[in-house]
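Biologist: Could we walk through this model together? I'd like to ask about a few spots and hear how you reason about each one.

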Amino acid sequence: MTDIFDKCKRTHYSNELTPELAGETVKVTGWVHEIRDLGGIVFVLIRDKNGITQLTAPSKKLTEEMMADVRAARKETIITLTGTVQESGKAPNGVEIIPTNIDVINVSKLPLPLDTTEKVDAEMDTRLDARFMDLRKHDVSAIFKIKNEMLHTVRNYFYDHDFTEITTPKLVASATEGGTELFPITYFEKEAFLGQSPQLYKQMMMATGLDSVFEIGQIFRAEEHDTLRHLNEALSIDAEMSFRSQQDVMDLLEDLIRTISANLLEKNQNELDILGHELDIPKEPFPVVPYEEVLDIVNSHDVEMNYGDDLSRAAEKVIGDQMGSYYFITEWPTAIKPFYVMPNSDDPEKSTAFDLMYRDLELSSGSQRIHSYDLLYQQIEAKDLNPDSFEKYLEAFQYGMPPHSGWGMGADRLTMVLTGAQNIRETVLFPRDRRRLTP
Ligand code: ATP
Ligand code: MG
């Protein structure tokens, strides 16, 4: 008996078949995408991760058995096609395959939970319920190929810049910022939470002497609201650097975004084409707008915003329209940023906090951090938090904590920008939102 893996071992992926191969025998394995039976001739489209191959079966040239095998093809069944390459102007990649053998590898149940050939997209819920099938569509898998390349670039970039990759606990005893957006869990006889950010741990790493660290990991936020840009579980890219200023880490972030864009342009043009998305390549340095200027711009467009307000959705839209593309918002009021953010030395009402925006979407927040134990303690109390619940974190600041800065960037939100996705759910394999916990 032939081993099943020998049977389905392909000689080429769809995109590797070219008219130069005319006359050669090739083997293609994939899912039956579409069947068109015109009577005298049958076309079967076979899809693999890189494209689509056309099987062409003219009844005049093939045996009855072969025609019966071709006609037995069922949508989304996995088959291996062996056949001869023939040039064809109309077929994908300019070639069609005349079959000499068809092996059925695994039969698909019908009806399908989702039609992979539908021109009009199914509802998001239907798609997410059948995500494995949704990803068979090339315009869906393209998003994840781009996300993959982005993460690959991010890791390489950090390694090239002498960072150490860290992984910190996601089971934590207390809140990072004291907010209410926490998922409580039962941890044996204690209460614990899912981590909303690696912030406290990456800062503690500054006291280890490793200097520059990064983490790519999940963050959990019990956001009640259901939006196109928030999930309850998101992927965060975090960087923290000792002996580096706010400006240094802003420069790093900007350079990283440029490197990602350049790499995608070089390696993922095919996926960008499939998505019909033109990558926004930042040419000029990212503009910097201080918070007070944002306030003026927003108010001059008839959206009310007072000093000390965070950006409302309406305000984000106004400033996004004005600024376009990538830009930084700086000099945020100290009062509305987390306790660990360093206030400006000359004007402590203002802080070293910055947000990186893309149009109306916040991509990243960062700042110089407080490294003085006394000031940190004061700020925790000033935010009505209990220093006792930060005891172990605070300890790291008493034995030689370097001055440091860092940021956290939403990897799913960045993927939205890089792929043109309007809904963050498009960029996550199995999104977790207010209503969705499976699959
Ligand atoms: P927003 O104001 O948009 O809710 P935030 O200021 O609460 O975001 P931060 O705590 O600054 O978020 O987190 C850093 C980054 O992590 C954000 O800029 C964003 O890109 C990403 N992020 C935060 N919360 C979420 C979420 N619920 N879903 C997806 N990404 C998120
Ligand atoms: Mg933020």
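Biologist: Happy to start small: is T415 buried or exposed?

Modeller: Bear in mind that we are looking at a predicted model. T415 sits in helix α13, residues 411–419. Its relative accessible area is 1%, and the cut-off for buried is under 20%, so T415 counts as buried.

Biologist: Which residues does T415 touch, leaving out those up to four places away in sequence?

Modeller: Here heavy atoms within 4.5 Å count as a contact. With residues up to four places away set aside, the partners of T415 are I143, K147, M150 and T427.

Biologist: M150 makes me think of the interior. Which helix gives the most to the largest nonpolar core?

Modeller: That core has 41 residues, and M150, F158, I237, Y326, W407 and L418 touch the most other members. The top contribution is 8 residues, and it comes from helix α7 (residues 246–267). Another core, of 36 residues, lies apart from it and has M205, A315, W332 and F397 among its members. For the largest core, then, the name you want is α7.

Biologist: What does Y326 contact beyond four places in sequence?

Modeller: Y326 is one of the residues that touch the most other members of the largest core. Its contacts, leaving aside neighbours within four places, are I257, D280, P282, F286, P287, L356, M357, Y358, L363, V417 and L418.

Biologist: How many residues of helix α6 are buried?

Modeller: Helix α6 covers residues 199–206 and is mostly covered. The buried ones are Q199, L200, K202, Q203, M205 and M206. They pack against β10 (212–220), β11 (233–242), α12 (391–395) and β16 (404–410). The count for α6 is 6 of its 8 residues.

Biologist: Now to charges. How many residues apart in sequence are R436 and D125?

Modeller: Side chains of opposite charge can pair when their charged atoms come close. R436 and D125 do so in a salt bridge, at 2.7 Å from N to O. R436 is buried at 9% relative accessibility, while D125 is partly exposed at 35%. R436 lies in the segment after α13 and D125 in helix α3 (residues 124–129), so this bridge ties together parts whose separation in sequence is 311 residues.

Biologist: With which residue does R436 form a salt bridge at 3.0 Å?

Modeller: The closest N and O atoms of that pair are 3.0 Å apart, and the partner is D129. This pair also links distant parts of the chain, 307 residues apart, with R436 after α13 and, in helix α3, D129.

Biologist: Which helices are tied together by K267 and E149?

Modeller: Their side chains meet in a salt bridge at 3.6 Å, N to O. K267 is partly exposed, with 47% relative accessible area, whereas E149 counts as buried at 9%. The pair joins parts 118 residues apart in sequence, because K267 lies in helix α7 and E149 in helix α5.

Biologist: Last one: which residues coordinate the magnesium ion?

Modeller: Donor atoms have to lie within 2.8 Å of this metal, and two side-chain oxygens appear at 2.2 Å, an OE and an OG. Both residues are partly exposed: E362 has a relative accessible area of 27%, and S365 has 28%. The ion, ligand 2, is thus held in the model by E362 and S365.

Key
Residues numbered from 1 in each chain as written. Chains lettered and ligands numbered in written order. Predicted model: local features only at pLDDT ≥ 70, side-chain atom pairs only at ≥ 80, totals over all residues. Heavy atoms only, no water. Donors = N, O, S within 2.8 Å, 3.2 Å for Na, K, Ca; no water. Buried < 20%, exposed > 50% of the residue type's maximum accessible area, 1.4 Å probe, protein only. Helix = DSSP H or I, 4+ residues; strand = E, 2+ residues; numbered from the N terminus. Core = buried A, V, L, I, M, F, W, Y, C linked by side-chain atoms within 4.5 Å. Salt bridge = Lys/Arg side-chain N within 4 Å of Asp/Glu carboxyl O.
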